[in-house]
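Here is a friendly tour of a metal site, a helix pair and two serines. Have the model open in your viewer as you read.

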Amino acid sequence: MNISKRLRRMRNKPSLRGMVCETRVTMDDLVQPVFVDDNLKNPRPISSLPGMSAYPIDHLEGHIGDLSERGVKAVMVFGIPSVKDPQASSAFGADGISQRAVERIKETSDMIVMADACLCEYTDHGHCGILKDGRVDEVATLPILGQVAVSLADAGADIIAPSGMMDGAVCKMRESLDDSGHDMVPMMSYAAKFHSALYGPFREAACSAPKSGDRSSYQIDPANRREAILSVDRDIEDGADIIMVKPALSSLDIISACRSMYDRPLAAYQVSGEYAMVMNADAAGILDGRKVMIETLTAIKRAGADIIVSYYSSSYLDSSMEVRI
Ligand code: PBG
Ligand code: ZN
């Protein structure tokens, strides 16, 4: 028996394990999604996302204060308007729900505010762009996305996050931001966004499921790695400051490839379905949700993500103090 290669020596005591720990997720890495709904008087619990609610704007200050106390430093704002139409008219006004939410959070907290910039919450058909002859049409969509980006920057957003997978969106939004004096406002592009069934719970939360068809004509087929890299490449060329891969756990190979290919900051979105699977399994007594969330967040960072958007962000600090894997 040859046991000269004793890898276990460094695993033998908690202190030594801590010393050789290679990957640590900290609150600086994490972003908490926040849903703000103009149709509400009181918070609306999101049944598929245990612990998560959508908030009316008047409850936002309290919610953000609570997140701050839990160590959250950055939020991603998703707005749900009271009126939807085919042109997403409520997406870009100064009085829009996302714009008012961004403004309110910036006025009342030190949070880094990222603003999701897409049309699916604002169109009555639920697609991420404007439809023409039944299909999403870039020519009609891009000018509106430009206005969305500017209106969110006007409201004070620190980072604009285009999430609709429209060709030309990053370019158009960069141009619009620059032309309106927001040349220092960075963009985090959902650059490699796969067409995933893991977004299901989000669509309940954001009331944004497409009424007909699906998003496969603009989001990337999960089978396609090279196409995902092409998409990231293009967004960097078009001016993305941070690139994002999504979903996270089913895209660790893409995250890892992007880490080695690009020197840009890299984000990953641990999406609603990823959180829902784990936390509902926890609620059913099947596994320890806190440990699994810490393990998966660590794996996503180990694969190469610098920034992780996760519904677990607000619980991470507490759990990571209590849980030792
Ligand atoms: C909107 C958007 C979606 C998500 C983030 N921004 C939904 C979608 O593309 O259908 C999904 C996030 C999640 O599932 O947590 N374009
Ligand atoms: Zn969308």
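Cys-128 is buried, with a relative accessible area of 1%; buried means under 20% relative accessible area, with a 1.4 Å probe and protein chains only. This is a predicted model, in which local features need pLDDT of at least 70, side-chain atom pairs count only at pLDDT 80 or more, and totals for chains, interfaces and linings use all residues. Residues are numbered from 1 along each chain as its sequence is written, chains are lettered from A and ligands numbered from 1 in the order in which they are written, and side-chain values use heavy atoms, without hydrogens and water.

**The zinc site**

Cys-128 (SG) joins Cys-118 (SG) and Cys-120 (SG) as the protein donors of the zinc ion (ligand 2), at 2.2 to 2.3 Å from it. Donors here are N, O and S atoms within 2.8 Å of the metal (3.2 Å for Na, K and Ca), and sites may look incomplete because water is not among the atoms. The site of the zinc ion (ligand 2) has 4 donor atoms and is tetrahedral, with angles of 101 to 118 degrees; four donors earn that word if all angles lie between 85 and 135 degrees. For reference, the ideal angle for four tetrahedral donors is 109.5 degrees. Along the sequence, the donor residues follow the spacing C-x1-C-x7-C. Both Cys-118 and Cys-128 lie in the loop between β5 (112-117) and β6 (131-132), so the pair ties together parts that are 10 residues apart in sequence. Strands are DSSP runs of E with at least two residues, helices are runs of H or I with at least four, and both are numbered from the N terminus.

**Two helices**

Helix α7 (residues 225-238) packs against helix α8 (residues 252-261) at about 45 degrees, with the axes 11 Å apart. That makes α7 oblique to α8, a class for angles from 35 to 65 or 115 to 145 degrees. Axes are lines fitted to C-alpha atoms over the stretch in contact, and angles run from 0 to 180 degrees between N-to-C directions. From α7, Arg-225, Ala-228, Ile-229 and Val-232 meet residues of α8 including Ile-254 and Met-261; contact means heavy atoms within 4.5 Å.

**Buried residues**

Ser-231 lies in helix α7, and Ser-251 in the loop between β10 (242-246) and α8. Contacts below leave out residues up to four places away in sequence.

| Residue | Relative accessible area | Contacts |
|---|---|---|
| Ser-231 | 10% | Met-165, Ala-191, Ile-220 |
| Ser-251 | 1% | Phe-194, Val-245, Lys-246 |

Definitions and conventions
Four donors count as tetrahedral if all angles lie between 85 and 135 degrees; four count as square planar and six as octahedral if opposite donors are over 155 degrees apart and all others between 65 and 115; anything else is irregular. Buried means under 20% relative accessible area, exposed over 50%, partly exposed in between (1.4 Å probe, protein chains only).
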